Amino acid sequence: MSLDKTISPKISVYLPHHCVVKTTSTTTKCRVVFDASAKTTSGLSLIDMLMCGPVIQDSLINILLRFRFPPIVLVGDVKQMYRMIWSNEDDCALLKILWRWNKDESVKEYRLNTVTFGTKSASYLATKCVQQLLESYRQQYPVAAEKAEKRIYIDDVLTGASSEAEAKMLREQLTDMFAAGGFHLRKWVSNCSDVLDGLPEADLELKIPIEENGRYGCQCIPRPLQPCSDEFNFAYYPKEISQPTKRTILSQIVGLFDSLGLLAPIIVRAKLVMQ
């Protein structure tokens, strides 16, 4: 963001924002969430006035099915994907916040200069930029472009190869290709540790616990992946409820994200409780 020096702009939108702490994240524990749905003085919000953009990614289930085909899998994450994409300067007046760096300062106006999470069009803009990147560098990095084309979900690259040598080459091409567009791939993980040789430790996915018995894995879409056993694991820790309400029961149900519907026979029992 940058200090807003505009004098009397024709239109401005100020976005409320707050922090969300996610202790299980291995990188960014504290994230800023911007509320573009907040109503302005016109009675409309920024989201009301924005176009969403079409869905240009394949469905999650198709991406995951392709991910399970190759014997050697490779997972990478685009670092701060939205923040790596500049917004059009003419649109930055619609992405303003009030901020001060400490309590002794006066509140100042800032403009957010990059694609902002929380706006309706953010997902489309970021995804379209990545797709354009693949198209622009298809001749220079043919293997990486082909492998990534239908294997990217938001900021996660879920791909693989048939051999260790091919997987290494794929990882190197993906890294170089994304770097050419200003993106940095990190949180690398694979079910073959040799594929990750040579990567700096900072770019490797840290081990995070996903079960009480001490097993470790890495978080990727849609579930934590166990690299050694090459499995997806579902872990669920119900919270203690002193006084059950419909709200707390619903919170427990949605706490178990099952994008493929594999746990439907179990989750349906909880939904029957709600009914």
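1. Where is Ser121 found? In this predicted model, Ser121 is found in the loop between β6 and α3. With a relative accessibility of 13%, Ser121 counts as buried, because the cut-off for that class is under 20% relative accessible area. Once residues up to four places away in sequence are set aside, Ser121 touches Leu50, Met51 and Cys52, so a reader inspecting this loop may wish to display those three residues together with Ser121.

2. On the overall make-up of the chain, the secondary structure comes to seven helices and 13 strands, and the C-alpha trace spans about 60 × 60 × 40 Å along its principal axes. The chain has 275 residues, of which 35% count as buried. Its accessible surface comes to about 16900 Å², and carbon and sulfur atoms account for 56% of that area. Among the contacts with a separation of 6 or more, 61% are between residues 24 or more positions apart.

3. The salt bridges deserve a careful look, and a search of the whole structure finds ten of them. One of these joins Arg111 to Asp4, with the closest N and O atoms 3.6 Å apart. The pair links distant parts of the chain, since Arg111 belongs to strand β6 (residues 108-111) while Asp4 lies in the loop between β1 (2-3) and β2 (17-21), and the two are 107 residues apart. Arg111 is buried, and Asp4 is buried as well.

4. A second salt bridge brings together the side chains of Glu109 and Lys96, at 3.1 Å from N to O. Here too the pair links distant parts of the chain, with Glu109 in strand β6 and Lys96 in strand β5 (residues 96-99), 13 residues apart. The partners do not fall in one burial class: Glu109 is partly exposed, with a relative accessible area of 31%, whereas Lys96, at 2% relative accessibility, counts as buried. Taken with the previous point, Asp4, Lys96, Glu109 and Arg111 are linked in a network of salt bridges.

5. A further salt bridge is formed where the side chains of Arg138 and Glu149 meet, at 3.5 Å from N to O. Arg138 lies in the loop between α3 (122-136) and α4, and Glu149 lies in helix α4, so this pair ties together parts that are eleven residues apart in sequence. Arg138 counts as partly exposed at 25% relative accessibility, and Glu149 counts as partly exposed at 44%.

6. How do helices α4 and α5 meet, and at roughly what angle do their axes cross? The axes of helix α4 (residues 142-149) and helix α5 (residues 164-180) come within 8 Å and cross at roughly 90°, which makes α4 roughly perpendicular to α5. On the α4 side the contact is made by Pro142, Val143, Ala144, Ala145, Lys147 and Ala148, and on the α5 side by Glu166, Met169, Leu170, Gln173, Leu174 and Met177.

7. On the surface, Ile61, Leu65, Leu260 and Leu262 make a nonpolar patch of about 360 Å². One of these residues, Ile61, is found in helix α2 (residues 60-67). Ile61 counts as partly exposed because its relative accessibility is 42%, and that class lies between the buried limit of 20% and the exposed limit of 50%.

8. Two backbone angles should be checked by anyone preparing the model for further work. Phi of Gln80 is near 45°, a positive value in a residue other than glycine. Gln80 has its place in the loop between β4 (72-78) and β5, and with a relative accessible area of 41% Gln80 is partly exposed. Phi of Ile154 is near 55°, and this value too is positive in a residue other than glycine. The loop between β7 (152-153) and β8 (156-161) holds Ile154, which counts as partly exposed at 26% relative accessibility.

Technical notes:
Residues are numbered from 1 along each chain as its sequence is written. This is a predicted model: local features need pLDDT of at least 70, side-chain atom pairs count only at pLDDT 80 or more; totals for chains, interfaces and linings use all residues. Side-chain values use heavy atoms; hydrogens and water are left out. Patches are made of residues with over 30% relative accessible area and no salt bridge: like charges are joined within 9 Å, nonpolar side chains (Val, Leu, Ile, Met, Phe, Trp, Tyr) within 5 Å. Accessible areas come from the Shrake-Rupley method with a 1.4 Å probe; for residues, only the protein chains shown count as cover. A salt bridge is a side-chain nitrogen of Lys or Arg within 4 Å of a carboxyl oxygen of Asp or Glu. Helices (H or I, at least four residues) and strands (E, at least two) are DSSP runs, numbered from the N terminus. Buried means under 20% relative accessible area, exposed over 50%, partly exposed in between (1.4 Å probe, protein chains only). Axes are lines fitted to C-alpha atoms, for helices over the stretch in contact, and angles run from 0 to 180 degrees between N-to-C directions. Angles under 35 degrees count as roughly parallel, over 145 as roughly antiparallel, 65 to 115 as roughly perpendicular and the rest as oblique. Contact means heavy atoms within 4.5 Å.
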